[in-house]
Amino acid sequence: MNPNILLNRPAIRGHELRNGIEAFAHHICSGLKLHPVSIEWHPGVSTAAINRHGRVFLSAVRDDALIRRADVLKYLGFVVHELL
């Protein structure tokens with residue numbers, strides 16, 4: 001899912017956020033010529049982290065959660081920050 005699709009709507013559902021963020025991470029890795037990463041969603045994570053094996057840890061969201069545009073931007077920023 002293209003990040004513009006996520007950002008052009010005032011709110012999306014949790015399952016859309018997860019799919020979009022994972023696709024975005026793979027797209028950024030490709031553009032930066034980085035090894036692919038995997039996204040892991042954990043309820044106990046409050047921010048973001050990455051380990052040396054390329055696992056990015058993000059805070060879990062429920063499938064039916066209503067995610068506002070500001071939170072989508074936060075997740076996109078977390079991914080970019082961790083990859084850089």
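In this predicted model, Ile 50 stands opposite Val 56, a residue of strand β4. Strands β3 and β4 (residues 55-59) run antiparallel and are joined by three bridges. Strands of a sheet pair through backbone hydrogen bonds, and the pairing may be parallel or antiparallel.

The wider sheet is open and consists of three strands in the order β2-β4-β3, with mixed pairing. Strands β2 and β3 (48-50) form its edges, each pairing on one side only. On average, neighbouring strands of this sheet are turned by 20 degrees against each other, direction ignored.

Two helices lie across the strands. Helix α2 lies across β2 and β4 and runs at about 150 degrees to β2. Helix α3 lies across β2, β3 and β4, and its direction is at about 30 degrees to β3.

Helix α3 comprises residues 69-83, 15 residues in total, and spans 21 Å from its first C-alpha to its last, close to the 21 Å expected at 1.5 Å a residue. Its buried residues are Val 72, Tyr 75, Leu 76, Phe 78, Val 79, Glu 82 and Leu 83. Viewed down the axis of α3, these buried residues fall within an arc of 150 degrees, and they therefore line one face of the helix.

Two further residues are set out by their accessibility.

| Residue | Relative accessible area | State |
|---|---|---|
| Glu 16 | 15% | buried |
| Lys 33 | 75% | exposed |

Glu 16 is located in helix α2. Its relative accessible area of 15% is under the 20% limit for a buried residue. The side chain of Glu 16 makes a polar contact with the side chain of Arg 9, at 3.1 Å.

Lys 33 is placed in the loop between α2 (14-31) and β2 (38-42). With a relative accessible area of 75%, Lys 33 lies over the 50% limit for an exposed residue. The backbone of Lys 33 also merits a remark: its phi is positive, at about 60 degrees, although the residue is not a glycine. Most residues other than glycine have a negative phi.

Conventions
Residues numbered from 1 in each chain as written. Predicted model: local features only at pLDDT ≥ 70, side-chain atom pairs only at ≥ 80, totals over all residues. Heavy atoms only, no water. Helix = DSSP H or I, 4+ residues; strand = E, 2+ residues; numbered from the N terminus. Buried < 20%, exposed > 50% of the residue type's maximum accessible area, 1.4 Å probe, protein only. Expected span 1.5 Å × (residues − 1). Arc of directions from axis to C-beta. Polar contact = N/O pair within 3.5 Å; in protein donor to acceptor, adjacent residues only side chain to side chain. Pairing = 2+ DSSP bridges. Axes fitted to C-alpha atoms, helices over the stretch in contact; angles between N-to-C directions. Contact = heavy atoms within 4.5 Å.
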